[in-house]
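Ready for a short walk through the model in your viewer? Have the selection tool at hand, and we will go stop by stop.

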Amino acid sequence: MPDSPLLTEASSRLEPALKYAEVSEEIITELQFPKSSLSVSIPVRLDDGSLKMFQGYRVRYNDNRGPTKGGIRYHPQVSLDEVESLAFWMTFKCALMNLPYGGGKGGITVNARSLSKGELERLSRGYISAIADFIGPDKDIPAPDMYTNATIMGWMMDQYSTIKRQITPGVVTGKPISMGGSQGRETATSVGAFEVINTLLAKFEQTPQKTTVAIQGFGNVGATLAQLLSQVGYRVVAVSDSQGGIYASKGLDIPSIRRYKFANQGLQAVYCENSVCNIVEHEVISNADLLKLDVDVLIPAALENQITRENANQIQAKYIFEVANGPTTSEADAILEENECYVFPDILVNAGGVTVSYFEWVQNRSGYYWTAEKVNQRLKERMNIETEQTWSIAQEFSVSMRNACYIHALNRLGETRTSR
Ligand SMILES: NC(=O)C1=CN([C@@H]2O[C@H](COP(=O)(O)OP(=O)(O)OC[C@H]3O[C@@H](n4cnc5c(N)ncnc54)[C@H](O)[C@@H]3O)[C@@H](O)[C@H]2O)C=CC1
Ligand SMILES: O=C(O)CCC(=O)C(=O)O
């Protein structure tokens, strides 16, 4: 077994679900290993004329249920191990949502903010040239993840189409609308999470007006979710980005923070010049402080491994909704359960993104495009069906929602494997 601590940690999640899932040992053994992993070196001409090499990866973890599907991350910490564990989670997320996909993921080890737009475009096109034979609309379909967006997906689709000499919108999702993107994809992960949060908190009779929320990560997903929550009365008291966070016990003015963040590229700007923003009596806090705040709901929406055995005992929130992939380690999970903190897992909470990516792929293949209302209505239906089914499994077996999600996904993966 290769040295893959992140993948080993990710796949350890299967063990507790095995007692209840109706699958054979063989399938479990198969699911411990990625189907195929590709490492590529990407040469990029920088603006100053020099040549720089970047390392990229694409992993197709398991394709029993269909073409592999998953985003592409640009981050300095990206490694093959990280991409494999993200692709593992995609396999279970797609099965949990009953999408006709297996799991995949990609990434480039890069600080995207250090590149000019032209350099970023050359890197993105170079990556697709390097992996073009590994992906395809019936094989493996990339999408956005951290530090990638619709513009980058557009370059990637264009590059793939040039290589294949055929316009191929279904090879990548999360594209600009003008290139075959779907209405609602940009907000899908947040809209899906919002649906799950409302449905599950209602089961605990926790109303928005009585609920305080802290969100780690104020990017595409975290900022939109903060807005959706505050619009219906949740009190969002703390948000953060990679530079740190802000806290105000009376609640933050999310629309004005969003405007400020996107104009200035950092929350730091919000608290440096807060006169422009309607924040009253706020405190500057660190990301570590944010996780330990006395709030009802904690939403990690940035990187993995944020809640660990080192800080789990200091978490005061009663409910954690994992919008990021893999923010809680298994050791932390055990501590949180002991402390009666409910953890709602990533593979359910953030599944809205891949669900609308599926809708985009369906629209690309049929050439018929849906309205934003239709997309959002179908997204909400899907989220509600799987949330309720998972909740029933959790009640039936008296297990955590994480275990219930894995049981549900494993049963689907097992059924397909047996049929095949
Ligand atoms: N974009 C999508 O459709 C989906 C994203 N996700 C997950 O959601 C999470 C966030 O993704 P996006 O919002 O798309 O990314 P993004 O790139 O738009 O935003 C990431 C945010 O996290 C912040 N951040 C980075 N490092 C941090 C740190 N150490 N501490 C606190 N904040 C930090 C950044 O400043 C930024 O505000 C990731 O875990 C991603 O895998 C999951 C499903 C779909
Ligand atoms: O939209 C997609 O296909 C995948 C999104 C993703 O990478 C994720 O859910 O973590």
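The expected span of a helix is 1.5 Å times one less than its number of residues. Keep that in mind for the first stop, and remember throughout that this is a predicted model.

**Stop one: a helix**

Select residues 150-164, which form helix α6. How far apart are its end C-alpha atoms? They are 21 Å apart, in agreement with the 21 Å that 15 residues should span at 1.5 Å a residue.

Now colour the buried residues of α6: Ile152, Met153, Gly154, Trp155, Met156, Met157, Gln159 and Tyr160. To see part of what covers them, add α5 (117-131) and β5 (140-144) to the selection. Then step past the end of the helix to Arg165, which follows α6 and has a positive phi, near 55°.

**Stop two: the open sheet**

Keep β5 on screen, since it belongs to an open sheet of five strands. Reading across, the order is β1-β2-β4-β3-β5, and the pairing is mixed. Which strands lie at the edges? They are β1 (36-45) and β5, each of which pairs on one side only. On average, neighbouring strands here are turned by 25° against each other, ignoring direction.

Zoom in on β1 and β2 (residues 51-62): ten bridges join these two strands, in the antiparallel sense. For a landmark, pick Ser37 and look across to Val59 in β2, which stands opposite.

**Stop three: around ligand 2**

Next, select ligand 2 and its surroundings, a shell of 13 residues. The closest are Gly71, Ala143, Gly353, Val354 and Ser357. Show β3 (68-75) and α14 (352-366) as well, as each supplies at least two residues of this shell. If you colour the shell by residue class, you should get eight polar, three charged and two nonpolar residues.

**Stop four: strand β10 and its partners**

Finally, go to residues 297-300, strand β10. In a regular strand the side chains alternate between the two faces of the sheet. Here Val297 and Ile299 point one way, while Leu298 and Pro300 point the other. Are these four buried or exposed? All of them are buried.

Add β6 (residues 212-216), which runs parallel to β10 and is joined to it by four bridges. One pair to display is Gln216 with its bridge partner in β10, Pro300. Then bring in β11 (residues 319-321), which also pairs with β10 in the parallel sense, over two bridges. Here, pick Val297 and find its bridge partner in β11, Tyr319.

How values were computed:
Residues numbered from 1 in each chain as written. Chains lettered and ligands numbered in written order. Predicted model: local features only at pLDDT ≥ 70, side-chain atom pairs only at ≥ 80, totals over all residues. Buried ≥ 20, exposed ≤ 12 C-beta atoms within 10 Å, placed from the backbone. Contact = placed C-beta atoms within 7 Å. Near = placed C-beta within 6 Å. Nonpolar A, V, L, I, M, F, W, Y, C, P; charged D, E, K, R; others polar. Pairing = 2+ DSSP bridges. Axes fitted to C-alpha atoms, helices over the stretch in contact; angles between N-to-C directions.
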